Amino acid sequence: MCGIAGIYHLETPKPVDPARVEAMCDALAHRGPDGSGVWTAPGVGLGHLRLSIIDVAGSPQPMPSPDGRAMLVFNGEIYNYRELRRELRATGAEFRTDGDSEVILAAWQRWGPDCVTHLHGMFAFAIYDIEARTLFLARDRLGVKPLFLAPLSDGSLAFGSELKALLAHPLLRREIDPLAVEDYLAWGYVPDTRSILKGVTKLPAGHSLLLRHGAPLPRPVQWWDISFAERRKGRVEDLEAELLHLLREAVTSRMVADVPLGAFLSGGVDSSSVVALMAEASGQPVKTCSIGFDVAALDESGYATQIARQFGTDHRARQVSPDDFEAIGGLAAMFDEPFADASALPTWRVCQLARESVTVALSGDGADEAFAGYRRHIFQRSEDRVRGLIPQAIRGPVFGTLGALYPKADWAPRPLRAKSTLLSLAADSAEGYARSIGFTPPELRDRLYSDDFRRLRGGYRAEQTVLDLMRAAPARSGLDRAQYADLKHWLPGDILTKVDRASMAVSLEAREPLLDHRLIEFAARLPESMRVRGGQGKWLMKRTMRRFLPEPILYRPKQGFVTPIAQWFRGPLAQSAREIASSATLARTGWFDAPRLGGLVEDHISGKSDHSRLLWQLLMLERSLAHLGIA
């Protein structure tokens, strides 16, 4: 696990100043405290920061191929590198190290751009072919590892593992993209389709770029996609056995490390499953850690303790409280772009706790997206059945009118909060799902924006990206399309961004076994009834794990890693909420209607409405603007 940065001149091979690449790497020092290096040649410069995990004493980067014809910088882990090494050695490849980096170079020289299809793992890398004078950039299938890109005014392309690497380049323009602000207010993150800064992009997950001197910047090429278009057949027992085999393979392949290794443990199905399979494969107690909260209704630490006792793990736990609020300045610097998933705070804390005893930690991320584990997936399937029974010509006017009239009862028990469901049923399947996954609905955004910002935004609506994904998805049902959108939009934009930045901030490698692409492909082909049944998501996965986990863990209501910001903003942080409404930084942008924002704050503090996520969004936006120096 590392950080990479580089510069490539697209027009003519101008010299690259090594000091400029070093400055970009210095901004990523937290990603690789164990070593660094810079290599330059006419028209190209590559930089690398290393966090040593495999072949600790060897495998320095930038790494040349044995014949000196190619140079690599690589961030991530290749889990099948030993098998690939044997295959490539049989064709004449030579190896000087025991790590996975050199295997990527050999795969490139054997298969060229198709090398990525042979790699199982998480990665973002750059290979410069010295003879062809081309630069190849690639990102893993699901987008576990990030890669930011920016064409610059001198004809070069700068790239780096985080936006802060590009911010270190003096030619980078720091101009906010108003469409990214609309995206951020809609989703709580800036998705991979754009960046908070104009001109900066992200290489999409499962895509690559092949750059040549004298040629324009090409469009990224998609080399992997997930398809929900096929359905597996077979007995439940056979599918269960196959799933268990895939789960075991995914976990054990990610337990290979030459440094201490452990796991995050929340006490939910996913992390508990990973820990159970780690304990099965390990000859010593698994090191686990968890984070709790000072609000009992949102505290899962008791379940984590139960699993730790069952599997005899070496367990450690800590609690997050409103006192940690002062850490949000660190969060803004960690993410660069505004990022409003409030679970980033406890994720950072659990990463800090893990780093005290391990260098690698396995997480349970990915199963909800793959196996339909979110409550919204269950609602989506149920709502699609209603849509199939009632024509749109009737649903639209009837449910739309009812939804508009129904009060937004955030204070009420969940069954009485019908407004969102009614508005969702008034729309088609894709529009309904886009509404369900949003942070701030379009009606509230429109009320919040100033007239000037509405003009800047023009006709763009953030939901359109998800609508396009769902309508073009290789899928057979509304549930398929919802999961496809999650895997393409939500997963890389929110979940994986959160875990990458929080873990790398403390020089910890996080690995996601439940995102093994073979496991994801298996799940995508399952019949809907194997994913959602009896009001439960992840049906086959839970059935498979019954031999390991107790029923109270498997079948308790899904809670998620929820931070109690609603309670905090009504209690110890109420004054901080009011300060958001009067923020000079936000006022200077001219994007928001200040009186309306003040009214939202008071409605939240009084308990009339729950605007906690919006308040957190605005708070993180304010801090990010200050961090970027654009306030």
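This briefing walks through two sheets, a hairpin, some helices and a few single residues of the structure above. The model is a predicted one. One open sheet has six strands with antiparallel pairing, and another open sheet has five strands with parallel pairing. Helix α3 lies across strands of the six-stranded sheet, among them β4 and β5, while helix α10 packs on the five-stranded one.

**The six-stranded sheet**

- Reading across this open sheet, the strands come in the order β4-β5-β6-β7-β11-β12, and their pairing is antiparallel.
- The edge places belong to β4 (63-64) and β12 (221-222); each has a single partner strand, so one side of each is left without a neighbour in the sheet.
- At the β4 edge, two bridges link β4 to strand β5 (residues 70-78), and the two run antiparallel.
- To find this pairing in the structure, look for Met 63, whose bridge partner in β5 is Leu 72.
- Helix α3 (residues 101-111) lies across β4, β5, β6 (121-129), β7 (134-139) and β11. The direction of α3 is at about 125° to β5.

**The five-stranded sheet and helix α10**

- Here the strand order is β15-β14-β13-β16-β17, in an open sheet with parallel pairing.
- β15 (314-320) and β17 (509-511) are the edge strands, each with a single partner strand, so one side of each has no neighbour in the sheet.
- On average, neighbouring strands of this sheet are turned by 30° against each other, direction ignored.
- Strand β14 (residues 287-293) and β15 run parallel and are joined by seven bridges. Within this pairing, Ser 290 has Ala 317 in β15 as its bridge partner.
- Helix α10 packs on the sheet and touches β13 (261-264), β14 and β15. The directions of α10 and β14 make an angle of about 145°.
- Thr 347 belongs to helix α10 (residues 344-355). Its relative accessible area is 6%, so Thr 347 is buried.
- A polar atom of the Thr 347 side chain lies 2.7 Å from the backbone oxygen of Ser 343.

**Strand β9 and its partners**

- Strand β9 (residues 156-160) is mostly covered, with five of its five residues buried.
- Ser 156, Ala 158 and Gly 160 point one way from β9, whereas Leu 157 and Phe 159 point the other way.
- One partner of β9 is strand β1 (residues 2-9), which pairs with it in the antiparallel sense over five bridges. In this pairing, His 9 stands opposite Ser 156.
- Another partner is strand β8 (residues 148-151), joined to β9 by four bridges and running antiparallel to it. Leu 149 stands opposite Phe 159 there.
- β8 and β9 form a hairpin with four residues between them. Gly 155, in the turn of this hairpin, has a positive phi of about 85°.

**Helices α12, α19 and α15**

- Helix α12 (residues 375-389) packs with helix α19 (residues 478-504) at an angle of about 145°, and their axes are 9 Å apart.
- The crossing of these two helices, α12 and α19, is right-handed.
- From α12, the residues taking part are Arg 376, His 377, Gln 380, Arg 381 and Asp 384; they meet Gly 478, Leu 479, Ala 482, Gln 483, Asp 486 and Trp 490 in α19.
- Sorted by class, the contact of α12 with α19 has three nonpolar, four polar and four charged residues.
- In helix α15 (residues 429-437), the buried residues include Ser 429, Tyr 433 and Ile 437.
- At the start of α15, a side-chain oxygen of Asp 428 comes to within 3.2 Å of the backbone nitrogen of Ala 430.

**Two loop residues to look up**

- Asp 177 sits in the loop between α4 (163-167) and α5 (178-187). It counts as buried because its relative accessibility is 11%, under the 20% cut-off.
- Leaving aside neighbours within four places in sequence, Asp 177 is in contact with Arg 194, Ser 195, Ile 196, Leu 197 and Lys 198.
- Pro 204 sits in the loop between β10 (201-202) and β11 (207-212). With a relative accessible area of 25%, Pro 204 is partly exposed.
- Leaving aside neighbours within four places in sequence, Pro 204 is in contact with Arg 139 and Pro 220.
- Pro 204 and Ala 138 are 66 residues apart in sequence, and their C-alpha atoms are 9.1 Å apart in space.

Notes:
Residues are numbered from 1 along each chain as its sequence is written. This is a predicted model: local features need pLDDT of at least 70, side-chain atom pairs count only at pLDDT 80 or more; totals for chains, interfaces and linings use all residues. Side-chain values use heavy atoms; hydrogens and water are left out. Buried means under 20% relative accessible area, exposed over 50%, partly exposed in between (1.4 Å probe, protein chains only). A polar contact is a pair of N or O atoms within 3.5 Å; within protein, one must be able to donate a hydrogen and the other to accept it, and residues adjacent in sequence count only if both atoms are side-chain atoms. Axes are lines fitted to C-alpha atoms, for helices over the stretch in contact, and angles run from 0 to 180 degrees between N-to-C directions. A crossing is left-handed if the near helix is turned anticlockwise from the far one by less than a right angle, and right-handed if clockwise. Contact means heavy atoms within 4.5 Å. Ala, Val, Leu, Ile, Met, Phe, Trp, Tyr, Cys and Pro count as nonpolar, Asp, Glu, Lys and Arg as charged, and the others, Gly among them, as polar. Two strands pair if DSSP finds at least two bridges between them.
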